[in-house]
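I wanted to look up two things here: how the parts of a chain meet, and where enclosed space is left inside. My notes follow in the order in which I checked them.

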Amino acid sequence: MGMIPARFDYKQAGSVAEALQLLASCDDAKLLAGGHSLVPLMKLRLVSPSTLIDISGIAELQEITDTGPVLRIGALTRHRVVERSKVVAQHVPLLAHVAALVGDPQVRNRGTIGGSLVHGDPAADLPSVALATGATMVVTGAGGERRVAAGDFFVDFLETAVGPDEILTAIEFPKRTGAGFGYEKFVRRSMDYAIVGVAVQAGDQPGIALVNMGSAPRRADAASRALASGAGVDAVAALAADGTNPPEDLNANADYRRHLASVLTKRALLAAGYR
Amino acid sequence: MSLIGARVLRKEDPNLITGQGQYVDDLAPAACAFMAVVRSTEPHARIVAVDTSGARAMEGVLAVWTAADIATLPARPSSLPGMDMPLITGDVARFVGDVIAVVVAADRYTAADAAEAVIVDYESLPAVASLAQALAPDAPMIHPVLQGNTVFFQDYTQDLSAEFAAAPHTASLSLVNNRCAPVPIEPNVVLADWGPAGLTVWAAFQAPHHLRNTIAAFFGISQDTTRVIAPDVGGGFGAKINFASEIFLAAALSRALGRPVKYTQTRSECMVAMFHGRAQEHKVDVAFDDSGRILALQVQVTQDQGAYPDATGMGLPVLTTAMSAGCYKIPKVAVSWRNVVTNTTPVAAYRGAGRPEASYMIERVIDLVADETGVDPIDVRKTNFIPADGFPYQTHSPLAVYDSGNFAGALDELLRHVDYAALKAEQAARLADPTAKLLGVGFSSWLEIAGFGPPGSLEAFGHLASWESAQVRVQPDGSAIIYTGASPHGQGTVTTFAQIAADQLGIDFDRISVRHGDTAVIPQGIGTMGSRAVAVGGEGVKTASTRVFERAKKIAAHLLEATEDDIVVENEEFHVRGTPSKSVPWSQVAWKSFQPLELPAGMEPGSLDATVFQQVPNFSFPSGAYCCVVEIDRETGRVEIRNMYLVDDCGTVINPMLVEGQVHGGVAQGIAQALYEHMQYDESGVPRTATLIDYLVPAASDLPGYVSGRTVTLNPSNTLGAKGVGESGSVGAPPAVINAVVDALSHLGVKHIDMPATPQKIWSILRGSK
């Protein structure tokens, strides 16, 4: 009953190549980055990997690079670093803003952006940023790098497009310099996962994405299209929950979640500068 | 200068904040083995088979025990005959968390693996997960000895039908007092070491002597070779006066294995195994006139006892019904209660234990009467208060004779901080603006029964007695050690008791140590619960210190060749009044107190040492007035507490910082019950909130700042005048919060909302009103 994980082997990888090699050679191995999604599941024995491959020491995955059109953020960059990065605040301000709202300071000092995205938790904050901004995931496997659009990345509950022998190595965020943004996170306690969250990215290619409104992180497609076509705030907000199949739990039934999605979308749109 | 009322820094803190505290889990004697527990995952099931072969075969496993292995041991102490809680249940599991097997291994990880390897074959039985299910006709039964699921039923203490028939108005209210989990930071932890010289048990416990006496009786061993030590204890909230089965199992396993056995409960286990609190339902009828004067009150309390009734749990509705009239002079009060078993975690003491339930009920009733009559809630309170000159006041209950209080005074002091008229104007203005958040203002004038100390008050719950011990022992250098039986678990007793002793002895605060929590060191003791530590234990320290000081004065007078009555002490110097030059330091008096040739005739060496078993004639009655201001988001239903105003009357304050800490913590737990926490089960009896993801303990960032005031009416039952404050916040806060929430929604015709007032619940109301 909790707290003590089952036995596992522990290996450290010094490079992406070494991590890929270890992944290929171990059955049922898991990558360990910040550990803030994986370790709690292991302590509850909901997950019992045979081997943990610790990639947290790979320096090349901890860099934030300005490539011109995009900001490339290494998958092992900690939330706290993203939150405090001047270049992120300047070019993808929604990301900097939301990174500061993940969990609590302890979580943000350990958790990584890649770990959060690749976990595929529909209740996590950062997938909605990737979806709203139209980010691209850089996935590395034995055959080299491949790029996956955020919209194709989140497959189902705790399931992403990253294969068992692949590693999410970086996320490329298109620059949204100077564009408005909004993020609304509805919680009962300040440090909790969102009951419902909504991310809005304004600008030339606007996007709206939802937190905890289905089995996987998802874009609010109808609302995003309406926004792009110039619909008003109320009309866009009314479409927020279109096509969703929200979960039901002690905090919210599906009706309440749909309602919250609409209310929060309106608030996020207003915060992003829409009227 | 007196230290009573001084903001003295805690003596405990340097240790605790530098990580040097010593909790049971920090202890690791040589050859220590680790216990893990296999718990029922079924709410109610016949146990067909328990396969322990896999666990036994694991390397490092020292023992795997099922019910058959403890057949010679009694059931868990504090159980009720015929409904005993087995330490390990063999035939039937009666709640999720019931112990089915225990495993001991050489290390903690192997123990966890082995527990996981025990396979239990269940045959599910129909379960009762709620009071409604338990009381339904033909409900499944949990204990064959009962007819149905009601353990005890007390019919209305008097028939008030004539009063209700004659009253100008009547109203009724059904209330649920939501089940809470105590969630101390430190769960239950025990280390048992049974050697040739006897048994030593280190336990996270609030009453070590009580545990020592119980363990000795349980195993049929002698108390002189049974030692219980409660080192630093990381919170308890009442849950650590319950005899956790694991304590007795660890001791039995240590005896069998011949090595120390340690058990540290995990948080997941703690949520279902540590006894819960509250879990009451109330049916209330009230009769009143046009002015809001209450003429009669009728309360029926139904207490969920969980799967196994506990002696403390059985007492909860007694306390609730005793305090049902709150601060009010109500001519006729009839109470009724029943204790009911369900397939859930047992229920016992949790911060306030029976009294928060009472204050919540009566304070909701007051606001209901206000709503029905149109009289302001403040005025309804003032109309019905027991007047300041109305004490002692015999309530409808023989248990409760209120001995002091000034309820109107506390409310007036509160209104000095609250601009009530401005708030009501703001509320009206917001109602007119559909985009504005709703505003609600709620009050509670609360009263509790505390200071458990009069003879009989704790014996009823199985304790040896209700006094508290104190020993004051001056050392040869003039420093002093205080020994108290009121073993703390975070209260700051080491500080407050040193303040009390310093005042009486004239010894510097920094040269007074307070020891507690070890039955081999402390001369008997009862424990810390029911807000009694200062009111009874602190009074004991004062009495013992006074005795020692009188003897020290005799010695000083002898040394100074003066008369005893002329001796005063200042800055640790005894001198003759008016002649400061003629003096002798405390250190010399102390030194000479051990030297027969230096003593006055008839005085024996070592006399600066006194032990007191402090008795008090009555309970204490802390009271106060709280006000909560909430804002409600009309779109989401989210409640936010904007302001919380707190006026406490706990009598004499020994240390204002510690009183504030207790009030803030208690209020936090009260807000938690009102807005966040609710231990829930599904219809089959499976807990739905057994992790801290689902069971919402609020953090500091979720709580408001507090504005505090104070009134002081002295406790006439001790010379300190202190009433106790440990539970006050949890008694006063829930009704203030819910009264505010109901006030914010009253324009929609809302008369009541059950705790916790969740956003979804309020959104449903707001949506329904459209």
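**Domain contact and cavities**

I began with a single pair and found that B:Asp518 forms a salt bridge with B:Arg227, with the closest N and O atoms 2.6 Å apart. I keep in mind that this is a predicted model.

To place that pair I looked up the division of chain B, which gives domain 1 (13-21 + 31-125 + 183-273), domain 2 (280-450 + 619-768) and domain 3 (459-614). For the contact between domain 1 of chain B and domain 3 of chain B, I noted 17 residues from domain 1 and 19 residues from domain 3. The C-alpha centres of these two domains lie 39 Å apart.

I then read off the area buried between domain 1 and domain 3 of chain B, which is about 1400 Å², with carbon and sulfur atoms giving 50% of it. On the domain 1 side, B:Gln206, B:His209 and B:His210 supply 42% of the area buried against domain 3, more than any other three residues. Between these two domains I counted one salt bridge, along with ten residue pairs in polar contact.

Turning to enclosed space, I recorded six cavities of 30 Å³ or more. The largest cavity has a volume of about 150 Å³ and is lined by 17 residues, with B:Ala244, B:Ser245, B:Glu246, B:Ala273 and B:Phe275 nearest its centre. Its lining divides into nine nonpolar, five polar and three charged residues.

The second largest cavity holds about 70 Å³ of space, and its lining includes A:Arg188 as well as B:Arg638 and B:Tyr676. I classed that lining as five nonpolar, two polar and two charged residues.

Technical notes: Residues are numbered from 1 along each chain as its sequence is written. Chains are lettered from A and ligands numbered from 1 in the order in which they are written. This is a predicted model: local features need pLDDT of at least 70, side-chain atom pairs count only at pLDDT 80 or more; totals for chains, interfaces and linings use all residues. Side-chain values use heavy atoms; hydrogens and water are left out. On a 1 Å grid over the protein atoms alone, a cavity is a set of points where a 1.4 Å probe fits but cannot get out, and a pocket is an open set with protein on both sides within 12 Å along at least five of seven lines; lining residues have an atom within 4 Å of a point. Grid points are joined across faces, edges and corners, and a volume is the space filled by probe spheres set on the points. Ala, Val, Leu, Ile, Met, Phe, Trp, Tyr, Cys and Pro count as nonpolar, Asp, Glu, Lys and Arg as charged, and the others, Gly among them, as polar. Domain bounds come from an automatic or database domain assignment. Contact means heavy atoms within 4.5 Å. Buried area is the accessible area (1.4 Å probe) that two parts lose on being put together, summed over both. A salt bridge is a side-chain nitrogen of Lys or Arg within 4 Å of a carboxyl oxygen of Asp or Glu. A polar contact is a pair of N or O atoms within 3.5 Å; within protein, one must be able to donate a hydrogen and the other to accept it, and residues adjacent in sequence count only if both atoms are side-chain atoms.
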